[in-house]
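Q: I am new to reading protein structures and would like to learn how to go through one feature at a time. Could you take me through the entry shown below?

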Amino acid sequence: MESTQHTFDEFSREQLPGLVRFAAVLTGDRDLAQDLVQDALVRAHRHWPRVVSADRPDLYLRRMVVNGHLSWRKRWYQRSVRLTADYAGTEPASGDPAAAVADRDQLDGLLRKLTPAQQVAIVLRFYEDRDDTEIAEAMGCAAGTVRSHISRGLAALRLRLESDLTEVSEP
């Protein structure tokens, strides 16, 4: 079904679960994620003809969430209190829940050390399995810039993980 045939209600119902999961991984805060998605949907409703006429309305909406997240970070960059993350809906189907919490905490800590653009690009690539063109559209940049963000972000993550492993293995 073409996205132009969707009503706003159908489109938002269809997109809501994935958007909240995406925003939760991006922000590390389920409540903030829900707020960002709600704000994006309010703006999308207001400008529905423009959103629905985009080549990929789903990516247009993700870009709205990304922009909302970046604006929030700019407003609250001095904020030092971090809420406990709640990633409902992203739990593994089976396994040790304590290990899953520890893994999420480690991932959240690693992602927070990246630039906002690197965070967005990596979450869209590896969490949502988006290609360079889709990520570029969601971020409002060129595909080459996306590849650069991902490459630099992964390099930074590797260095940080190697550093953490060295610290743990040293007596």
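**Reading a helical chain**

A: Let us begin with a single residue, Leu111, which counts as buried at 5% relative accessibility, and bear in mind throughout that this is a predicted model. Leu111 lies in helix 5, and, not counting residues up to four places away in sequence, Leu111 touches Val25, Gln119, Ile122 and Val123.

Q: How far apart are Leu111 and Leu26 in sequence and in space?

A: Distance along a chain and distance in space are separate things to read. Leu111 and Leu26 are 85 residues apart in sequence, while their C-alpha atoms are 8.3 Å apart in space. A second pair to look at is Leu107 and Gly28, which are 79 residues apart along the chain and have their C-alpha atoms separated by 9.2 Å. Leu107 also has its place in helix 5, which covers residues 97–112, but Leu107 counts as partly exposed, with a relative accessibility of 44%.

Q: Leu107 and Leu111 are both in helix 5, so what is the general rule about which residues of a helix point the same way?

A: An α-helix has 3.6 residues a turn, so residues three or four places apart point the same way. Direction and cover still have to be read separately here, for Leu111 is buried at 5%, whereas Leu107 is partly exposed at 44%.

Q: How many helices and strands does the protein chain have, and how much of the chain is buried?

A: To see the whole, one counts the elements and then looks at the totals. The protein chain has 8 helices and 0 strands, and along the sequence it follows the pattern α-α-α-α-α-α-α-α. Of its 171 residues, 39% count as buried, and its accessible surface comes to about 10,200 Å², with 52% of that belonging to carbon and sulfur atoms. Among contacts between residues at least 6 apart in sequence, 67% join residues at least 24 apart.

Q: At what angle do the axes of helix 1 and helix 2 cross, and with which hand?

A: For a pair of helices, one reads the approach, the angle and the hand, and then the residues that meet. The axes of helix 1 (residues 8–27) and helix 2 (residues 30–46) come within 8 Å and cross at roughly 145 degrees, and the crossing is right-handed. The residues of this contact divide into 12 nonpolar, 4 polar and 1 charged. From helix 1 the residues that take part include Phe8, Leu16, Val20 and Thr27, and they meet a set in helix 2 that includes Arg30, Leu36, Val37 and His45.

Q: Is Leu36 buried or exposed, and what does Leu36 touch?

A: Leu36, a residue of helix 2, counts as buried at 6% relative accessibility. Leaving aside neighbours within four places in sequence, Leu36 is in contact with Thr27, Val65, Gly68 and His69. The C-alpha atoms of Leu36 and Ala24, which are 12 residues apart along the chain, are separated by 9.5 Å.

Q: Is Arg62 buried or exposed?

A: The kind of residue should not be used to guess its cover; one reads the accessible area. Arg62, in helix 4 (residues 57–75), counts as buried because its relative accessible area is 4%, below the 20% limit for that class. Beyond neighbours within four places in sequence, its contacts are Gln15, Gly18, Leu19, Phe22, Leu124, Glu128, Arg130 and Ala138. Another buried residue is Gln118, at 11% relative accessibility, which is found in helix 6 and touches His149, Arg152 and Gly153.

Q: Which residues of helix 7 are buried, and what is found at its two ends?

A: One can read a helix from its start to the residue that follows it. At the N-terminal end of helix 7, Asp131 acts as a cap, with a side-chain oxygen 3.1 Å from the backbone nitrogen of Thr133. Helix 7 (residues 132–139) is mostly covered, with 6 of its 8 residues buried, namely Asp132, Glu134, Ile135, Ala136, Ala138 and Met139. After helix 7 comes Gly140, whose phi is positive, near 75 degrees.

Q: What is the phi of Asp129, and where does Asp129 lie?

A: Backbone angles are read residue by residue. Asp129 is not a glycine, yet its phi is positive, at about 55 degrees. Asp129 lies in the loop between helix 6 (116–127) and helix 7, and Asp129 is exposed, with a relative accessible area of 65%.

Methods. Residues are numbered from 1 along each chain as its sequence is written. This is a predicted model: local features need pLDDT of at least 70, side-chain atom pairs count only at pLDDT 80 or more; totals for chains, interfaces and linings use all residues. Side-chain values use heavy atoms; hydrogens and water are left out. Axes are lines fitted to C-alpha atoms, for helices over the stretch in contact, and angles run from 0 to 180 degrees between N-to-C directions. Helices (H or I, at least four residues) and strands (E, at least two) are DSSP runs, numbered from the N terminus. A crossing is left-handed if the near helix is turned anticlockwise from the far one by less than a right angle, and right-handed if clockwise. Contact means heavy atoms within 4.5 Å. Ala, Val, Leu, Ile, Met, Phe, Trp, Tyr, Cys and Pro count as nonpolar, Asp, Glu, Lys and Arg as charged, and the others, Gly among them, as polar. Buried means under 20% relative accessible area, exposed over 50%, partly exposed in between (1.4 Å probe, protein chains only). Accessible areas come from the Shrake-Rupley method with a 1.4 Å probe; for residues, only the protein chains shown count as cover. A polar contact is a pair of N or O atoms within 3.5 Å; within protein, one must be able to donate a hydrogen and the other to accept it, and residues adjacent in sequence count only if both atoms are side-chain atoms.
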